[in-house]
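Got your viewer open? Let's take a short walk and pick out a few things to select along the way.

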Amino acid sequence: MLKKLKKNNLIKFCIIYVFFSNNPAYAQNASISLNTIENSKNNLFWFQENNNQGIKQDNWNFYGKYQFSKKNTDYKINVISTFGIDKKFFLGESYIKHRFNNDAYLKIGRFYRDHSTYLNDELSSGHMQISHNAQPLPKISFVKSLPFYKIDLRLGISHGQFSKDSYYRKAPLFHGKFLYINIPQSKNSKFTLGIAHNAMWGGATPSREYPVNLKNFLKVFVAADGFDPGLEPTGEPLHQNALGNHVGIWDFAYEKKENEKNLTLYYQHIFESDTGIRFSNKLDGLWGVELVNYVPKTTILLEYLSTENVNKQDNEQRERYYYNYQYVLGWSYKGYNLGNPYIPIFKDLEDIKIINAMHFAIKGDIFDNHYKIQLGRKINISEKMNYKISIERKIKNKFNIGCFVLGNNQNNIYGIILSKDLEFRK
């Protein structure tokens with residue numbers, strides 16, 4: 001069984017290796033972005049709090065990215081800082097990725113996921129398992145593709161670690177795996193069917209410690225029953241739930257590329273027990289469509305999120321998305337939901353509610369200006385429309401300046417963006 005990742009040593013190794021390597025010449029890319037927000041309302045809006053890689057955007061926010069490739073290895077460092085409410089400075093998606101050949105690679109560092117590669121994380125409301133809402137977990141992952149007749153099998157496994165905090169006396173571990181089948185429909189289109197399973201296990205809460213051993217790892221791997229000491233009123237033991245906190249999806253996608261036009265249709269069916277695997281929660285999950293260049297130089301995305309059947313099954317294994325009675329902080333990392341942020345982390349069964357939402361995003365170029373518009377709201381309750389609108393213009397030497405407005409249809413705040421892209425050789 002894999003040992004726990006040594007996060008600090010890994011981070012130091014990445015930084016030292018990237019900046020002090022003396023190997024032959026290779027292309028390097030870097031970008032820096034600084035934005036500042038004028039927030040006279042003293043409250044945070046949806047697009048400030050969500051899908052920002054683990055920060056609440058307020059006052060000054062800095063993003064710096066440096067990446068390059070060398071032979072069969074990719075390197076990436078992403079630094080994020082905010083000087084507002086959170087006052088954070090940490091690594092975003094930062095890793096070393098080594099390709100053994102065209103069909104297999106090993107990745108180590110902080111990163112989000114290796115599946116659902118069709119999803120546009122910049123515009124999407126958020127993946128149902130691992131979105132860009134929280135800081136990426138430290139992980140190690142192995143991914144392999146297996147061509148089989150006319151289809152392509154793609155599988156992967158990963159191991160990582162959550163963080164120790166005031167609740168977790170010992171940091172829980174992360175387990176993930178996936179299997180995808182890519183089926184060509186024509187020369188320019190394909191259908192993808194996949195299943196992905198993630199789990200939080202091990203660690204220690206204030207009331208209990210969960211042993212980390214091979215037996216428990218194998219239980220987590222197959223989502224087998226764990227120990228539950230509770231009793232029904234009759235004195236009979238309760239049904240044993242799976243060991244750990246599990247989140248899975250059935251993943252369906254159709255992609256078609258014709259000339260410069262790209263069409264993507266997708267559905268992520270969420271489940272947290274074997275009843276959800278069998279679609280007892282019906283069609284809950286994330287539905288989406290993305291159109292690229294159907295309007296020239298424009299990407300359009302529309303999503304519908306449904307949790308209509310949450311907590312409705314007539315048995316102990318009800319689908320309670322992101323909730324867990326043992327790991328009461330739920331499917332989260334450092335206070336942020338790991339999955340789709342429209343669904344909150346419910347800490348009590350009585351608080352679990354249906355969440356249905358619509359999300360729209362568009363980006364493109366017009367008159368040498370780059371723009372992006374994002375809109376979203378819950379539609380099963382009365383809620384204001386949340387929005388973020390930004391526009392940037394390249395001045396010269398890849399220097400960009402822009403502004404944005406975000407809020408809802410009653411209040412808003414403003415901000416400015418300064419960024420620069422660099423490309424050089426060593």
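**Stop one: the largest pocket**

Start by selecting Ser33, Gln53, Tyr63, Glu122 and Lys372: of the 39 residues that line the largest pocket, these lie nearest its centre. Keep in mind that you're looking at a predicted model. The volume of this pocket is about 1300 Å³.

Next, colour the strands that give two or more residues to the lining: S1 (27-38), S2 (60-70), S3 (73-82), S18 (369-378), S19 (386-394) and S21 (412-425). What kinds of residues make up the lining? Colour by type and you'll find 18 polar, 13 charged and eight nonpolar ones.

**Stop two: helix H3**

Now jump to residues 214-221, which form helix H3, and show the side chains of Asn216, Phe217 and Val220, the buried residues of this helix. Turn the view until you look straight down the axis of H3: the buried residues fall within an arc of 105 degrees, so they line one face of the helix. What do they pack against? Show strand S9 (173-186), strand S10 (189-201) and strand S11 (245-258), and you have the partners of that buried set.

Swing around to the other side of H3 and select Leu214 and Lys215, which are both exposed.

**Stop three: the two ends of H3**

At the N-terminal end, click on Asn213, which caps H3. Draw a distance from its side-chain oxygen to the backbone nitrogen of Lys215 and you should get 3.3 Å. Finally, go just past the helix to Ala223, where phi is positive, at about 55 degrees.

Definitions and conventions: Residues are numbered from 1 along each chain as its sequence is written. This is a predicted model: local features need pLDDT of at least 70, side-chain atom pairs count only at pLDDT 80 or more; totals for chains, interfaces and linings use all residues. Side-chain values use heavy atoms; hydrogens and water are left out. On a 1 Å grid over the protein atoms alone, a cavity is a set of points where a 1.4 Å probe fits but cannot get out, and a pocket is an open set with protein on both sides within 12 Å along at least five of seven lines; lining residues have an atom within 4 Å of a point. Grid points are joined across faces, edges and corners, and a volume is the space filled by probe spheres set on the points. Helices (H or I, at least four residues) and strands (E, at least two) are DSSP runs, numbered from the N terminus. Ala, Val, Leu, Ile, Met, Phe, Trp, Tyr, Cys and Pro count as nonpolar, Asp, Glu, Lys and Arg as charged, and the others, Gly among them, as polar. Buried means under 20% relative accessible area, exposed over 50%, partly exposed in between (1.4 Å probe, protein chains only). The arc is that of the directions from the helix axis to the C-beta atoms. Contact means heavy atoms within 4.5 Å. A polar contact is a pair of N or O atoms within 3.5 Å; within protein, one must be able to donate a hydrogen and the other to accept it, and residues adjacent in sequence count only if both atoms are side-chain atoms.
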